Amino acid sequence: MSYPTWSDLNNPSIVPPLGARQANDIGPAALMVSTEPDLRFIKNNCGQFTSRPFFMGSIMTRESQQDGSCIAGPYIGAPYGVMLMESMIAKGTKNILILGWCGAISKHLVPGDLVVPDRALVDEGTSRHYMDLKGDPAEVSSDPSLSDALCSHLADAGKNVHRLPVWSTDAIYRETRGKVDWFKNKGAHAVDMECSALFSAASYRKVRAAALLVVSDSLVSETGDWDPGFRKKKFKSRRQFACKSMVEMIGTLAL
């Protein structure tokens, strides 16, 4: 029998998010970048940044101005993503944007499409430590006001955005046909590894979180096989657009 985490949600942790380290304030807005290629593109193309180690990745701030925003990553998987988020919240972050990739499980999406998840279906093991999981499957929402602002920001730049539910899983190599169909029938249009956990942790800590995911591949191609879109021109150009747009937006959130 598993420990009933739902009964323990109001009890404080023995270990604080930053451990024994001092929590220097990093400002109210942060961008979490899940992939190393996107983080590298931002560092090389979106301004001048000062970078320092942050767990197994880095945290970057702008050199030209201290606008109260930072960029952190890369990360993979729900536990590590939430560990980074907890640390940034402990350092003063109140508005968190999430930039990542996802796989299409609905024919409404193709590689290169942009998805702002309005909710995430829980199929990972971290969310239960932050929320009382109910439903079959349980689901958790992004912050509506921040997601609205993100969609408006992207629309102003002339890009069409899909605001759809996603499914967050721990096991990227266990996306079986039966599992994909089940979550698709429950309303999901794409699959990632972190959104449900990050939304859960943000809600628990009473901060705002919203995500932008670029569709990198499809599990429901016309042939029925996996369609990797990582080298397609549309995916590459939308990745770059997403990186630039999210860096611009965290600047506005920090003001």
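**Figure 1. Ala104 of strand E5 has Ala190 of strand E10 as its bridge partner.** The model shown here and in every panel below is predicted. E10 covers residues 190-192 and pairs with E5 in the antiparallel sense. Two strands are joined here over 2 bridges.

**Figure 2. Strand E5 pairs in parallel with strand E11.** E11 comprises residues 208-218. The two strands are joined by 10 bridges. One point of register is Gly100, which stands opposite Leu213 of E11. Is E5 enclosed or open? Of its 10 residues, 9 are buried, so the rest of the structure largely encloses this strand.

**Figure 3. Strand E1 runs parallel to both E4 and E5.** E1 spans residues 29-33, and 5 of its 5 residues are buried. Ala29, Leu31 and Val33 point one way from the strand. Ala30 and Met32 point the other way. Both sets are buried. Toward E4 (residues 69-73), E1 makes 4 bridges. Toward E5 (residues 95-104), E1 makes 5 bridges. Met32 can be used to follow both pairings: Met32 stands opposite Ala72 in E4 and opposite Ile98 in E5. Ala30 has Ile96 as its bridge partner in E5.

**Figure 4. Ser58 is a buried residue of strand E3.** E3 runs over residues 57-62. The relative accessibility of Ser58 is 15%; the cut-off for buried is under 20%, so Ser58 counts as buried. Which residues does Ser58 touch, leaving out those up to four places away in sequence? They are Leu39, Ser51, Arg52, Pro53, Ile71, Ala72 and Gly73. Ala72 of this list is also the E4 residue that stands opposite Met32.

**Figure 5. Trp101 and Phe230 form a tilted aromatic pair.** The count of aromatic pairs in the model comes to 8. In the pair formed by Trp101 and Phe230, the ring centres are 6.1 Å apart and the planes make 45 degrees, a tilted arrangement. Trp101 belongs to strand E5, while Phe230 sits in the loop between strand E12 (227-228) and helix H6 (233-254), so the pair ties together parts 129 residues apart in sequence. Are the two residues buried or partly exposed? Trp101 is partly exposed, at a relative accessible area of 23%. Phe230 is partly exposed too, at 33% relative accessibility.

**Figure 6. Trp167 and Phe183 form a stacked aromatic pair.** Their ring centres lie 4.5 Å apart, with 5 degrees between the planes. Trp167 is in strand E9 (residues 166-169) and Phe183 is in helix H4 (residues 177-185). The two residues are 16 apart, and their pair links distant parts of the chain. Trp167 is buried, at 0% relative accessibility. Phe183 is buried at 5%.

**Figure 7. Ring pairs link four residues into a cluster: Trp101, Trp226, Phe230 and Phe235.** Trp101 and Phe230, the tilted pair of an earlier panel, belong to this cluster.

**Figure 8. The charged end of Lys159 sits over the ring of Phe241.** This charged end is 5.2 Å from the centre of the ring.

**Figure 9. Helix H2 is mostly covered.** H2 covers residues 78-90. At 1.5 Å a residue, its 13 residues should span 18 Å; the end C-alpha atoms are 18 Å apart, which agrees. How many of the residues of H2 are buried? The number is 10 of 13. They are Ala78, Tyr80, Gly81, Val82, Leu84, Met85, Glu86, Ser87, Met88 and Ile89. An α-helix has 3.6 residues a turn, so residues three or four places apart point the same way. Gly92 follows H2 and has a positive phi, near 110 degrees.

**Figure 10. The whole protein, for orientation, contains 6 helices and 12 strands.** The radius of gyration is 18 Å, close to the 18 Å given by the globule rule for 255 residues, so the protein is as compact as a globular protein of that length. Along its principal axes, the C-alpha trace spans about 50 × 50 × 30 Å. Buried residues make up 53% of the 255. Among contacts with a separation of 6 or more, 77% are between residues 24 or more positions apart.

Conventions:
Residues numbered from 1 in each chain as written. Predicted model: local features only at pLDDT ≥ 70, side-chain atom pairs only at ≥ 80, totals over all residues. Heavy atoms only, no water. Buried < 20%, exposed > 50% of the residue type's maximum accessible area, 1.4 Å probe, protein only. Contact = heavy atoms within 4.5 Å. Pairing = 2+ DSSP bridges. Phe/Tyr/Trp six-rings, centres within 6.5 Å; stacked < 30°, edge-to-face > 60°. Lys NZ or Arg CZ within 6 Å of the ring centre and 35° of its normal. Expected span 1.5 Å × (residues − 1). Rg over C-alpha atoms; globule rule 2.2 N^0.38 Å.
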